[in-house]
Amino acid sequence: MSRARADEEEYWHSSKFRAFTFDDEDDELSQLKESKQAVNSLRDIVDDDDDDLERVSWSGEPVGSISWSIKETVSSSASSLEGRDSSLQKGSSSYAAFPKQVSSYSLSSLFRGRNKLPSFQSLSDALSDTGVKNYAPELRRPKAEYKDYSNDWSPKDTVRRMQRGKVCSLERFRSLQDKLVLLDEAVAGHDGNVITAVLIFLKRTLRREILFRELEVRQVALCHLIHFLKETGEQKLLLDLLRFLDRTEEVALSQYREHLNIQDVEKRREFLKGCIGLPFSAEDTSHIQDHYTLLERQIIIEANDRHLEMSGQSEIFRKYPRKASILNMPLVTTLFYSCFYHYTEAEGTFSSPTNLKKTFKIPDKQYVLTALAARAKLRAWGDVDALFTTKNWLGYTKKKAPIGFHRVVEILQRNNAPVQVLQEYVCLVEDVETRLSLATKYKCHDVVIETYKDLKDRIQLTAYKCKVERGSAEEEKINSILNNMQIRWKN
Amino acid sequence: MAAAGRRDAPEAPDFGILKRLARDQLIYLLEQLPGKKDLFIEADLMSPLDRIANVSILKQHEVDKLYKVETRPAPSASDQFCFLVRPRIRTMRYIADIVNADKMSGRSRKYKIIFSPQKMSPATSGPSTCSPWMRTSSAWSCPSSSATTSCLPRALVVLQEGDHRWINSVARALQLLNSLYGPFGRAYGIGRCAKMSYELWRDLEEESEGDGQGRKPEIGSIFLMDRDTDYVTALCSQVVYEGLVDDTFRIKCGSVDFGPDVTSSDKSIKVLLNAQDKVFSQIRNEHFSSVFGFLSQKSRNLQAQYDRRRGMDIKQMKNFVSQELKGLKQEHRLLSLHIGACESIMKKKTKQDFQEMIKAEHSLLEGFDIRESTSFIEEHIDRQVSPIESLRLMCLLSITENGLVPKDYRSLKTQYLQSYGPEHLLTFHNLKRIGLLTEQAAGETLTAVESRVSKLVTDRAAGKITDAFNSLARKSNFRAISKKLGLIPRLDGEYDLKMPRDMAYVFSGAYVPLSCKIIEQVLERRGWQGLEEVLRLLNGHEFSVSDSTAEDGAAAEAQRVVLAVFLGGCTFSEIAALRFLGKERGCKFIFLTTAITNSARVMEAMSEARA
């Protein structure tokens, strides 16, 4: 054992250092693959009778674990009545296979069911056993607990008792003064649970205005009450409290939050419309306005497109049936959808991408990314091309993108663009190293060759020859470049 | 790197006791409802429960059938129902519905509710009105095995909301540990909730009857770290193996579900990740890059072990089969699982530009090329890549830069809402309130709310209130703190990840986790002396208390055992970093936390889900 340990130590400290990257080209991964092969090759030897290690049910839970057993209960109660009896029996027989855990410490042996053998040592025996420390202080009931119901505790003592989980009546704190002292003691004691308990009592026994007024100068308690109201969903009281405190923005947000619980889109739209006038900050008001407009738009698009799809007249819907409704989706998803199904529509229609772009002031970058992803998905390479082509005043065309071209390449590649298309964008990547690595990765040979040529790197170019197919046009090209006497190679 | 004179870390105390204790407590509670009963268990308590008990134990105590809370109750014939639940309002409504339905149909049953970790006021206030026969309810808490983490997934949210409900649970856990392994010689801590938990614990301790008298302390010191002190670390992408496994597959209560892509079969397997897993225990704290080499070395060794069998005679073969084969098989199974996991992680990470993201993250931490990182985040948002990742990066930008420039804030927020849904307006407000994602204000003036509140209240209370505001949404001062504590290692050339020189290895050598650095510094100085400037930047709430009698009583070994308590969650990267520190300094860290967390969990807690 210690030898093995020494081996490992040696391993950890001796192995050669190399910078690590999360890159799948890396050697590290091939190393991983090797070890996987090695381990898999051993499988034949090993896989004969693994079962004694751990029994695992079909769902993957170890047999006998509680989570496993619950699943059994669920499936058995779902089956018919007759089936249940037999499956239960089956279940109980499998428990028998497990060794009973009996240790000298375990109280489990003491509390066995009554119908078990009576030969068990008594509780006192177990506790006086010299080997056993008293590990369970909470199991002893201190005498004090019986006095719980004589209730003459001071506020401080009341709080202390509650902190220790003892029952305590709060009813005897009648005057406002007493109640507030109690609350202050609770806050001073730091136990949020007790603070909340006192607050529940105060909430029940105090007039609202008084409660609110007193909480305003007790921030910690106030936080607890707000949290409690949110948790229990007492929305009305919460709003009253926030209004009382003059926290108008929180009132607005809290009301706006309610829209999440409205399932019906029409009702949700109406509700959002009502939210626009709430006292949000100027910035947020425009977000709420946008939310409303977006949902309104989605309702119109959804109704139209559902109709189109049902009628089966539109080719695009026939070819690519919609997977989900567009309702309640984020704006960018909506934009993607409209670039996918409604790309060519005139700006006047609600569902056209340009209209969306204008209405919601979508930044160029975001628009291009989304449109690119949508058109690439449809393999509409012409549209992709048009997206980046600009004409200058002399009429020359030029490719321009608000995002890096490496990003464009990546998106195209993910949509399985052909090499000819990829190539066009790979050579637009400005950074030479990135360009080379992308071109190599996606086998855009021409770009690689041209780049090496520009770099006057004969060695790399020669080395690249083995990556292209024998007798291909690329190989010929490399040869002709290498034979070109006019190039002044740097190496 | 065998540094001369490096002391070996002491052994950890025996935490098996905690497990037994939790089991015994559970059994005690179950037996308070004698006779046959059906047990209803809340979903997120099942894993912790598996850790301490199994079906046969439950059966021994006359649990008849097991149900999951929230599935429609089966028409059960049992006369007794026992519920094992989290103190949540939703769950209490579920139970109340069952009870009321029984009442309507004139069915008489006994009910018992067991809360874990403890009874909470909101949970008990709701339904108490509707059930005249509800039996007593009791608290039961579950520490989970060796790593000593309990699983309170909501705890982080709650602490951030400025709600102190879980402080009692932490204080009680400390009380329990103190009674078993204490008394602790020294206690340090930083952060508002840390201080409160400490105070409440001392308060509870005062009354206890001095159980700890005359026992040998097994834990030298404790450190309470409030997540609020360091969000940056929790927001970073993890690159140590256990952290990556958590980020990729989500470790729940010490176990993980490996799906078909990992197991290379059609089943998924639930795997317990702990020190018993001989492969995992050796790679869990390593940087991911070291893991591959280790696994391949291991598999070569394994192959060699199997190959030995070729030249064996019958007797040797018999020995081999009876003594070694089982261990080898076990190792084989584990190796193929972890290799599968590595492959799956690599596949996922290469797909999502992990390399580029890490680069952006590191520039944020170091504070250069901020513009470039900002546009990286922008593009991330525009491409609709994971909403949680985008949010995380924005928060990281905000904390490291003391808030976003207003122009950037607006534009990123707008694009985020456009990409992921307008309802995230609420998410942004949550983040702003906590201080995770803010807009740079002009000058150092108080925010409008702060000044208004200050005006409203009397001078006496004013101090307290601004205090409360400060701790919820204060300036992070990350850059200044980072400079003071040297969180960004300056070095020439590459950082050798296979021979880590400091805790920065858990983030590829780019950043020493702030939380761990604070712990290191305080333990070294045995207090906060000399860290005054850092404390001012961190907004204080620190403490350092020593109990000289306990300190003298502790053996030298025990003095080097440190209990690190993370309130509001701890990441696997932090655990790895502190374990590394422990190895360097010859001390042993034990972890207690309200939950294991990572960037995704923090962000999800803040995010307003779509209905």
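The legends below describe several close-up views of one predicted model.

This is a predicted model in which local features need pLDDT of at least 70 and side-chain atom pairs count only at pLDDT 80 or more, whereas totals for chains, interfaces and linings use all residues. Residues are numbered from 1 along each chain as its sequence is written, chains are lettered from A and ligands numbered from 1 in the order in which they are written, and side-chain values use heavy atoms, with hydrogens and water left out.

**View 1. Confidence in the model and in chain B.** The model as a whole scores ipTM 0.78 and pTM 0.79. For chain B the mean pLDDT (the predictor's confidence in each residue, from 0 to 100) is 78, and 82% of the residues of this chain reach 70 or more. Residues 1-5 of chain B have pLDDT below 50, and this stretch has four contacts (heavy atoms within 4.5 Å) beyond near neighbours in sequence. Residues 443-472 of chain B also stay under 50, and here the model has 28 contacts beyond four places in sequence.

**View 2. The fold of chain A.** Chain A holds 26 helices and two strands, where helices (H or I, at least four residues) and strands (E, at least two) are DSSP runs numbered from the N terminus. Of its 491 residues, 42% count as buried, a word that stands for under 20% relative accessible area, with exposed meaning over 50% and partly exposed in between, using a 1.4 Å probe and protein chains only. Among contacts in chain A between residues at least 6 apart in sequence, 45% join residues at least 24 apart.

**View 3. The second largest cavity.** Rolling a probe the size of a water molecule over the atoms shows where empty space is left. A cavity is a set of points, on a 1 Å grid over the protein atoms alone, where a 1.4 Å probe fits but cannot get out, and lining residues have an atom within 4 Å of a point. Grid points are joined across faces, edges and corners, and a volume is the space filled by probe spheres set on the points. The count comes to seven cavities of 30 Å³ or more, and the second largest contains about 120 Å³ of space. Its lining includes H287(A), D290(A), H291(A) and L294(A) from chain A, and T414(B), L417(B) and Q418(B) from chain B. The elements that give two or more residues to this lining are α15 (282-311) of chain A and α18 (406-420) of chain B, and α15(A) provides the largest share, four residues. By class, the lining has five nonpolar, four polar and one charged residues (Ala, Val, Leu, Ile, Met, Phe, Trp, Tyr, Cys and Pro count as nonpolar, Asp, Glu, Lys and Arg as charged, and the others, Gly among them, as polar).

**View 4. The surroundings of N168(B).** N168(B) lies in helix α7 (residues 167-181) of chain B and counts as buried because its relative accessible area is 1%. The side chains of N168(B) and D191(A) are joined by a polar contact of 2.2 Å, a term for a pair of N or O atoms within 3.5 Å, of which, within protein, one must be able to donate a hydrogen and the other to accept it, while residues adjacent in sequence count only if both atoms are side-chain atoms. A polar atom of the N168(B) side chain also lies 2.9 Å from the backbone oxygen of Q163(A).

**View 5. The surroundings of H287(B).** H287(B) is placed in the loop between α12 (280-283) and α13 (288-307) of chain B. This residue counts as buried because its relative accessibility is 1%, and a polar contact of 3.0 Å joins its side chain to that of S508(B).

Notes. 1 Å grid on protein atoms, 1.4 Å probe; cavity = no way out; pocket = protein on both sides within 12 Å on 5 of 7 lines; lining within 4 Å.
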